[in-house]
Amino acid sequence: MLIPNNSPTFLPWEESEPAPRWEEIFGNNNPLALEIGCGVGDFITQMAALHPAINFIALDFYNKGCIKTCKRIDKTTLTNVRVLRAEARSFIEACIPTGSLRTVVINCPDPWPKLRHRKRRLVNSGFVSYLSQFMQPDADFYFATDFVDYGLDVAEFMTAQPGFMNQLGTDPFRHALEGYPISKYMRRFLDLGQPIYYVHYRRA
Ligand SMILES: C[S@@+](CC[C@H](N)C(=O)[O-])C[C@H]1O[C@@H](n2cnc3c(N)ncnc32)[C@H](O)[C@@H]1O
């Protein structure tokens with residue numbers, strides 16, 4: 001039995017239900033940004049405060065994470081965030097209009113470190129190619145990981161990803177990104193002295 005989430009920031013949605021009407025939900029038609037795997041919401045809270053004219057959808061299939069994210073948002077005056085508990089692919093398919101996302105953010109996705117589990121990783125070339133149809137032209141794609149092998153893999157396949165331009169000059173990845181908030185997992189690994197691998201591309 002799931003702990004109920006009664007926060008006004010939480011948007012209950014089940015797979016059988018129609019897609020949310022984002023303009024009605026946010027009360028404006030500002031651009032939409034999606035964070036996949038928001039965890040406990042520290043990144044989205046900072047990001048939404050930095051970009052009040054963007055509407056943020058914070059997505060995670062972890063109920064307690066959604067509850068913590070909502071609590072964090074509810075302590076602020078932010079009105080540009082909604083939190084959903086759903087699996088990324090089914091949510092995007094059902095709820096995101098084609099070509100509508102201004103930004104997609106994925107921070108520290110589960111690394112599946114064992115070789116035999118690598119195929120379970122969320123972010124791969126096929127997933128980015130799938131995502132791209134839901135992104136506006138000029139939409140930003142941010143990926144960050146504390147896991148070196150995952151960072152190098154994403155940095156490498158993105159150089160050959162059709163329809164995307166690197167925003168880090170000739171660097172396939174960086175260890176710092178100006179103006180980009182630090183998430184809980186990033187903080188944890190930075191505190192251990194381990195670098196974060198940031199990748200930033202724009203849909204061409
Ligand atoms: C390692 S945590 C990182 C959390 C946060 N992004 C951070 O950097 O602190 C990964 C999160 O992604 C969520 N997640 C993983 N795969 C997902 C999927 N397919 N759909 C929705 N959430 C997912 C997990 O529930 C978890 O909260």
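User: Which element supplies the largest share of the shell around the ligand?
Analyst: Helix 7 does, with 3 residues. This is a predicted model, in which local features need pLDDT of at least 70, side-chain atom pairs count only at pLDDT 80 or more, and totals for chains, interfaces and linings use all residues. Residues are numbered from 1 along each chain as its sequence is written. Helix 7 spans 184-191, and strand 2 (55-60) also gives at least two residues to the shell. Helices (H or I, at least four residues) and strands (E, at least two) are DSSP runs, numbered from the N terminus.

User: What makes a residue part of that shell, and how many are there?
Analyst: Its C-beta atom, placed from the backbone, must lie within 6 Å of the ligand. The ligand is surrounded by 20 residues, and Gly 37, Gly 39, Cys 108, Ser 183 and Tyr 185 are the closest.

User: Why is Asp 138 called exposed?
Analyst: A residue is exposed if 12 or fewer other C-beta atoms, placed from the backbone, lie within 10 Å of its own, buried at 20 or more, and partly exposed in between. Asp 138 has 10 such neighbours, so it counts as exposed. Asp 138 sits in strand 5 (residues 135-145), and its phi is positive, about 75 degrees, although it is not a glycine.

User: Why is a positive phi worth a remark?
Analyst: Because most residues other than glycine have a negative phi. Trp 112 is also not a glycine, yet its phi is positive, about 40 degrees. Trp 112 lies in the loop between strand 4 (101-107) and helix 5 (125-132).

User: How do you know whether Trp 112 is buried or exposed?
Analyst: By its count of 15 other C-beta atoms within 10 Å, so Trp 112 is partly exposed.

User: How do you know that the buried residues of helix 4 line one face?
Analyst: The buried residues of helix 4 (residues 88-95) are Phe 91, Ile 92 and Cys 95. Seen down the helix axis, they fall within an arc of 95 degrees, so they line one face of helix 4. The arc is taken from the directions from the axis to the C-beta atoms.

User: Why is strand 4 called largely enclosed?
Analyst: Because 6 of its 7 residues are buried.

User: What makes strand 4 paired with strand 1 and strand 5?
Analyst: Pairing needs at least two DSSP bridges. Strand 4 has 5 bridges to strand 1 (residues 32-36), in the parallel sense, and 6 to strand 5, also parallel. Leu 32 has Leu 101 of strand 4 as its bridge partner, while Val 104 stands opposite Phe 141 in strand 5.
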